[in-house]
Structures are given as C-alpha cells and as structure tokens.
Amino acid sequence: MKKSLLKKALTSTATIFTIAALTASGTSVYAVDTPTAGNIPAKQFETPASAATVTVNKDIVLFNADGSQILSPNVTYSYEITEANVTNATVTAQNAGGDPVILAVRPGVIEALSTSSDVPETKDKVEGSISFGAADDEHNNDSELHDTNKNTDTIINLSKKVSSSMTITVDAGKIYDVDNDGQQDNGPGVYRYKIEDVTTDAALTSSGIQRGGADSSIFLDVYTKYNDEASGLEIYGYVMLKDKGDQANTSLIYNAEAPFESIKITGFDTESENAAEYGKQTVLLADLNSDTYHTYNVEVKHETAGDLADKLHNFPFKVELSNSIVTSQADFYYQITKDGDPQTAVNTSLSNAGLWTLDGNAANPANDLRLRSGDKIVITGLPANTKLKAAETNDTDDRYSVSASGNGSSLTLKDDVNNTGESLAVGNNGTAELDAEYSVQTNSTTDKIVFTSTLRGVSVTGFLFNIAPFVFITIAGVGLLVLVMRNKKSSDSKSKI
C-alpha cells in the first residue's frame, strides 16, 4: 500500500516537473484523457493494424428566417494534409506500471497518407474534400429536410446543422519503409500531420456560406509501434487536435491532474469549433465560430375584390428568382396551396446562373402556376441575396384593377406597355408585374406579397341616373307623338260630313 502511494506520488511529481519543464521551454502543454475506444474524439484500436482510416467531420449550422425546414447548401470544401512542422513537441503518458513515458512528436510521413480525392502526383501534400448537397446526398432526399434556427436566436443549438465528412487512410507500412526497399526509414512513435481548410472565399460565397471564426487548421497525431516481428510498424491509435496558436509544437500530457483545456476534436464540426470541451451542444450567437448558411422564405398570394370578380378563376402568375452571388444551384422547395389544400412540396434549385422561374403561362404543366382567390405559393429556403419578380396575367375578357403589397406596404406595378402605379387597369391578356425586384430578406419572417384583382359591381342608382336624360327624351318623344296622333284623329273626325 505504502509502495503504491509512493509510486503514485513519484509519478505525479515527475508529471509536474515535465509540465514545468515544457512550459518553461515555451511549448504549449495540454492535459488530455488517455485515448480509448470509448473516449471519442480520440481513438485507440483494440487490435493494432497496419493501416487506419481517420474520419474528419465537417458541419454547417443552418438558419432560416422563421425556423422552417430547409435543404442543405451545395458546397465542396477543399483540404490539404501536410507534414506538421514539429520541432520540440512531446507526448507524455504512462506505461503499464504507471511510470511516465515521454515520446517526441515527429513530422508525419506524407507518403503514408491518401484520400479519395487525392492527386497522386503531388508529393508534398495530400488533397481531400468534403461535399454537401450532391444529388445523391442523404440531405437532399425529399424526406430529409432539416430543422433550423431563427435569426433572432441568441443561443444557438449546435445540433441544427448539416454534416458530412472525408476519410484519410494512413498506411503504417509506408511510414516504416517510405521508398519500399524493405529497409526501415522511420521507427515507432507519434507522427503529426496538419490538416488545413483551403476552401476559397469565392467557393463559399457562391454557395451562400458565411465563413465562421474557427481556425482553418487542425492536427492529426498517429500513434505507431513495432509489430510482433519488429519487421514493420502498426497503428494503435490516433488523436485530432485543435490548433491552439503554437502551430505544430503543442505537447500533450495524458491523465495529468492539471487544469488544462481539452483540445481533442473530431474535425471541423460544430462542437470542435465552438466549445472548449467536446460535446457541448449550445453556444451564444456572438461566440458562434462555425460556418453558417442563412436562408429566407417568400409567399406570393392572390386575392380578388369586388362583387363581379371571379373568385374561382385561375389567373396565370409568373415568379422569377435571381441571385447574382449564389450560383451553386442552391436547393430550396416550394408548395402551392389551392382552394385551401396545400399540395405536395416540390424540391428545386437555382440554375448555375442563379436563376429560377415558375410560369403559369408556360405550356409545361409541371411549371404551371395559376392562382384563384385565396391561393398562394410559398417558397422556402432561399439563400441570402435572393431577389424576386412576380407578375399576374389577366386572361379574362373583363378589365380588372390590379394592386400589390409586400408585408402590408403598397408596391409599384407596371403593365405590359410600361404604365406604372400602385393600381393598374389590366384588360384581356394584359399583365401587371412588380416594377422593381423584391429583396426576399426584408423581414425577419416569411415575406408576404399579395396581388389583388378588383372588379366592382355596377351601381344601379348610378346607372339610372346616368341614363335618365335619355329616358326623359324618349318618354317626351313618345308623349308628343301620342298628342300629334290624337290631334290628327280629332281633326279627321271633324272633317267628316
């Protein structure tokens, strides 16, 4: 018992001296838990292997103006994996007997790495990528829509996200024997790699992604030892680490009883980028470091007014969307409500030119948009900077007065001969369209645009008043004719003998 306590005390003392020595030398030191199979984000293999596959996660936090469900953005992130520039980092652990073991961290061997998107000709780095929103992406299936946060939230739920990943394969044999000549080039130890996000700002902007404040680099430590025959190396664990500002020279002390911040992560995901401890699920909006995707919604509704307005007639409408910034074929969906009955939502996307149209005058029924009084179309999940144009066609023989409003405020219309005004008289096959593009994100909730077609009944009193002079003249003429006929008849009677 006394020996055990003494040994523990000596081990703790050695650890303290190690921490002090490393801190004095200027190396950043972090206490971490021992990597075990159940201790994610570190990974320790129960059976060491000649190769390891490392999954690097990436998340994007989703936002929507009123919390509607949205589809994931279309974007591909690019990464470069290189040998970390390690000069004096160490890993301190304990052996089976509880004695301290200090290992020097070595630069990773780039020839031992590969990814599915790697360019083999590149010798000094390995390339990788993580994609979102592909046609076969599970996040784009009709049944897979995502809950989102409201823009007004101050506490962000980090589970409101879309996730994807890439896989890095590490071959221990190529660490041991780089040139494949059967001779040892590198011995057992910890090999560190740098994984850097090199996605361009232009790529993110064209996808509607706002870059967060997280570090663009993380590190991967691969733990190797000799195989049973000492004829090569095998991997028994790996750990991914935050870049804490001291570049590649961060040292680790496992199971140290010291108040150091944990820096183990699972990639470029929300918890890794936003929390001091992995697993945190909420963060203040002001502290949010993850990349974000902000979307908005718009509703175009048709109403009729006046006793003679046909409430059952389906007026052709045309809705056009444009986005000069987001040109990644951004996904969204729309739903048309007819006679109070919402139809099945339809997934669609902007073109690679940032354009989309649904036209009630089109010959293709799939693109048909015809609205009777009370009908509407709601478009959900439009990326930031989307603008809308909307137009109504009067395909009746009556002349309607058409007006429009956006979130309760009057909008200026123009007709097909470029007359403008808040209310326009539109005859057969005439159109009334918004005079200016409508910015979809003008409101904190769904923007609501209402077109009103008015055809009022004719006033009977006014009608009689308007034709009264003509009726009076007619009656007077008839009366005069009757008098003339009577006088003539009387004269004819007196003339008889």
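Let me begin with one pair of side chains, those of T304 and S373, which are joined by a polar contact of 3.2 Å. A polar contact of 3.4 Å also joins the side chain of T304 to that of K311. I should say at once that this is a predicted model, and that every value I quote is computed from it.

To place that residue, T304 is found in strand β19, which covers residues 292-305, and its relative accessible area is 9%, so T304 counts as buried. If we set aside the neighbours within four places in sequence, the residues in contact with T304 are A309, D310, K311, S373 and S453.

There is another threonine that I would like to put beside this one, namely T393, which lies in strand β27, residues 387-394. T393 is buried because its relative accessibility is 9%, and the cut-off for that class is under 20%. Its side chain makes a polar contact of 3.1 Å with the side chain of N361, and, not counting residues up to four places away in sequence, T393 touches F315, P316, N361, N429, G430 and T431.

Now to the chain as a whole, and to how far the model can be trusted. The mean pLDDT of the chain is 83, and 76% of the residues reach 70 or more. There are stretches to treat with caution: over residues 1-26 the pLDDT stays under 50, and the model has 21 contacts beyond four places in sequence for that stretch. Residues 35-41 likewise stay under 50, with 17 contacts beyond four places in sequence in the model.

As for the make-up of the fold, the chain has 5 helices and 35 strands. Of its 497 residues, 42% are buried, and the accessible surface comes to about 24700 Å², of which carbon and sulfur atoms hold 50%. Among the contacts with a separation of 6 or more, 75% are between residues 24 or more positions apart.

Let me turn to the interior. In soluble globular proteins, nonpolar side chains tend to be buried together. In this model the largest nonpolar core has 79 residues, and those with the most contacts inside it are Y193, I195, I379, L388, L434 and F451. The strand that gives the most to this core is β3, residues 51-64, with 5 residues. A second, separate core has 14 residues, including V91, Y223, A248 and Y254.

If we look at one member of the largest core in detail, I379 is in contact with Y296, N297, V298, V319, L321, F332, Y333, Y334 and W356, once its neighbours within four places in sequence are left aside.

Which strand partners does β14 have? I will take them one by one, starting with β13, residues 217-226, which runs antiparallel to β14 and is joined to it by 9 bridges. Within that pairing, F219 has L241 of β14 as its bridge partner. The two strands β13 and β14 form a hairpin with 6 residues between them, and A230, in the turn, has a positive phi of about 55°.

Strand β2, residues 43-49, also pairs with β14 in the antiparallel sense, here over 3 bridges, and K43 stands opposite Y238 in β14. Then there is β16, residues 264-265, which runs antiparallel to β14 and is joined to it by 2 bridges, with I265 in β16 as the bridge partner of M240. Strand β14 itself, residues 233-242, is mostly covered, since 9 of its 10 residues are buried.

I would like to finish with two loop residues whose backbone angles deserve a look. D339, although it is not a glycine, has a positive phi of about 50°, and D339 lies in the loop between β21, residues 331-338, and β22, residues 341-342. Its relative accessible area is 62%, so D339 counts as exposed.

The other is N407, again a residue other than glycine with a positive phi, in this case near 50°. N407 sits in the loop between β28, residues 400-406, and β29, residues 409-411. Is N407 buried, partly exposed or exposed? With a relative accessible area of 34%, N407 is partly exposed.

Definitions and conventions:
Residues numbered from 1 in each chain as written. Predicted model: local features only at pLDDT ≥ 70, side-chain atom pairs only at ≥ 80, totals over all residues. Heavy atoms only, no water. Core = buried A, V, L, I, M, F, W, Y, C linked by side-chain atoms within 4.5 Å. Buried < 20%, exposed > 50% of the residue type's maximum accessible area, 1.4 Å probe, protein only. Helix = DSSP H or I, 4+ residues; strand = E, 2+ residues; numbered from the N terminus. Contact = heavy atoms within 4.5 Å. Pairing = 2+ DSSP bridges. pLDDT = per-residue confidence, 0-100. Polar contact = N/O pair within 3.5 Å; in protein donor to acceptor, adjacent residues only side chain to side chain. Areas by Shrake-Rupley, 256 points an atom, 1.4 Å probe, with all protein chains shown as cover.
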